[in-house]
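Hi there,

Here is the structure I promised to pass on to you. Please open it alongside this email, and I will walk you through what turned up.

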Amino acid sequence: MPMNYDTSKPLAALFDLDGVIIDTENQYSVFWNGIGKTYLGRDDFGTAIKGSTLPHIYAAHFSRMSHVQNEITAALDAFEADMDMQFVAGFPEFFTQMKTAGWQAAIVTSSNAAKMASVYRRRPELRTWFSSIFTAEQFTRSKPAPDPYLFAAEKLGVPVQNCVVFEDSVNGLTSGKSAAMKVVALTTTNPAEAVAPFADLIAPDFTALTEREVRRLVIR
């Protein structure tokens, strides 16, 4: 058992949303690549901004372009209202394993409240499954900064060494690692070789994971 594991506290599973719980990242890639091509002349914009909050995207790429921001926001709201929100393969079953084993669980997403309203309409069970859902409005800095995951751990009352992060984007994986947490990378968005430097464990989806395997990342 690692010396830094706090036996007096529970374990916590911190899940990103898009590309981890719901299989939406490829849809977002299409949307943001289109935005990048239209406004910036870039074909790879979707990859560059994965895991970032909307305010961060605007500040970094569309600063002082309020008319463009308004156009993008309107297009994004319409796009998200019609998105397909299927679960990533195996997620409900894996989540049941984690909860049965006593893990605390939270969603830590760069999505904002407006996006989450669309998610809840299609996936109302998420509000029942997760007692804590942390969104973009609550973070001082966006992923890849550690702030979102550190904020979640603090609110849950769980030390970072007891936390495992589930992510798919490089920005999200970097955020989890920078928070000094164990990180599981799903290859739903990026190939294994791209996420390997940031991951303690790699899986194609949740059908390839078990609670016991994840627990061993923290308790050996």
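**Where the two domains meet**

About 1200 Å² of area is buried between domain 1 and domain 2, and carbon and sulfur atoms give 46% of it. Please keep in mind as you read that this is a predicted model. The domain assignment splits the chain into domain 1 (12-23 + 86-217) and domain 2 (25-81). Their centres, taken over C-alpha atoms, are 22 Å apart. Domain 1 brings 16 residues to the contact and domain 2 brings 14 residues.

**The nonpolar cores**

Next, have a look at the inside. The largest nonpolar core has 49 residues, and those touching the most other members are Phe 15, Ile 21, Trp 32, Phe 130, Phe 166, Phe 206 and Leu 209. Both domain 1 (12-23 + 86-217) and domain 2 (25-81) give residues to this core, so it lies between them. Leu 209 is a nice one to click on: leaving out residues up to four places away in sequence, Leu 209 touches Phe 94, Gln 97, Phe 166, Val 184, Leu 186, Leu 201 and Ala 203. Another core, of 20 residues, lies apart from the largest one, and its members include Val 108, Phe 134, Ala 153 and Ala 185.

**The sheet**

Now for the strands. Six of them form an open sheet with parallel pairing, in the order β3-β2-β1-β4-β5-β6. At the edges are β3 (132-134) and β6 (201-203), each of which pairs on one side only. On average, neighbouring strands of the sheet are turned by 20 degrees against each other, direction ignored. If you want to follow one pair, try strand β1 (residues 12-15) and β4, which are joined in the parallel sense over four bridges. In that pair, Ala 12 stands opposite Cys 163 in β4.

**Helices on the sheet**

Two helices are worth finding here. α8 lies across β1, β2 (104-108), β3 and β4, and runs at about 145 degrees to β2. α9 also packs on the sheet, where it touches β4 and β5, and its direction makes about 165 degrees with that of β5.

Which residues of helix α9 (residues 170-178) are buried? They are Asn 171, Gly 172, Leu 173, Ser 175 and Gly 176. These buried residues pack against α2 (45-48), α8 (147-156), β4 (163-167), β5 (182-186) and α10 (192-195). Just after α9, look for Ala 180, which takes a positive phi of about 65 degrees.

Happy exploring, and do write back with any questions!

Definitions and conventions:
Residues numbered from 1 in each chain as written. Predicted model: local features only at pLDDT ≥ 70, side-chain atom pairs only at ≥ 80, totals over all residues. Heavy atoms only, no water. Buried < 20%, exposed > 50% of the residue type's maximum accessible area, 1.4 Å probe, protein only. Contact = heavy atoms within 4.5 Å. Pairing = 2+ DSSP bridges. Axes fitted to C-alpha atoms, helices over the stretch in contact; angles between N-to-C directions. Core = buried A, V, L, I, M, F, W, Y, C linked by side-chain atoms within 4.5 Å. Domains from an automatic or database assignment. Buried area = accessible area lost by both parts, 1.4 Å probe.
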